[in-house]
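Trainee: Please show me the model, so that we may discuss its cysteines and one of its sheets.

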Amino acid sequence: VDEACMLLQSYSIIFGTAFGFVMFHFMVADASGKSVIIEYIGNEMKIVRKNGNYQVMTNFYISDRNIKWPNPVPGCGGYDRYEAVVHDLKAGGISNADGIYSILKKVSLHDWIYEGHAYNTLFSNVYALKTGELHLVYDKKYHNVNSFQLDNELKKGVHCYNMQDLL
């Protein structure tokens, strides 16, 4: 995690827009349990370090909650979804990917209308950092979790998956 942050700080990174709003953030994590959310705001890289047993990221800037989407619509900007996930995690009882997916299903977007277009949650993923597993759900098909073992995928060399084939 620390190495990734240092590497990214040495580059100029430029991204496009989402719904007319420059927004780019991602999470970096490692098997030790350390994680950060890296966000780019106004040509500046912001790093949000994990504080506690988990780190949650939805569709808004974690480092500055005052930054809003243009023409925000309740239920879509990520704030309320983030709070719902954090609430459920704090309540406890979540011990595996299925428990996490029950939370993600609850907060997924269903035909959210923004400027005349309907949007839905496209994919949700859960990482088991100590075992190197990725659990992926595409198109809100929470009954169909695709699991990948990082070591096995790396051994295959360069390859890709068509996400629609995973349904």
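Mentor: A disulfide is a pair of cysteine sulfur atoms within 2.5 Å. This is a predicted model, in which local features need pLDDT of at least 70 and side-chain atom pairs count only at pLDDT 80 or more, while totals for chains, interfaces and linings use all residues. Residues are numbered from 1 along each chain as its sequence is written, and side-chain values use heavy atoms, with hydrogens and water left out.

Trainee: How many disulfides does the structure hold?

Mentor: Such a bond joins the sulfur atoms of two cysteines covalently. By the 2.5 Å cut-off, the number of disulfides in the structure is 0.

Trainee: Is Cys160 buried or exposed?

Mentor: Buried means under 20% relative accessible area, exposed over 50%, and partly exposed in between (1.4 Å probe, protein chains only). Cys5, at 3%, is buried. Cys160 has a relative accessible area of 71%, so Cys160 is exposed.

Trainee: Which strands stand at the edges of the open sheet β8-β9-β10?

Mentor: Strands (E, at least two residues) and helices (H or I, at least four) are DSSP runs, numbered from the N terminus; two strands pair if DSSP finds at least two bridges between them. The pairing in this sheet is antiparallel. Each edge strand has a single partner, so one side is left without a neighbour in the sheet; these strands are β8 (123-128) and β10 (146-149).

Trainee: Which elements do the buried residues of α3 pack against?

Mentor: Helix α3 covers residues 97-107, and its buried residues are Gly99, Tyr101, Ile103, Leu104 and Val107. With contact meaning heavy atoms within 4.5 Å, they pack against α2 (79-91), β8 and β9.

Note on methods. Axes fitted to C-alpha atoms, helices over the stretch in contact; angles between N-to-C directions.
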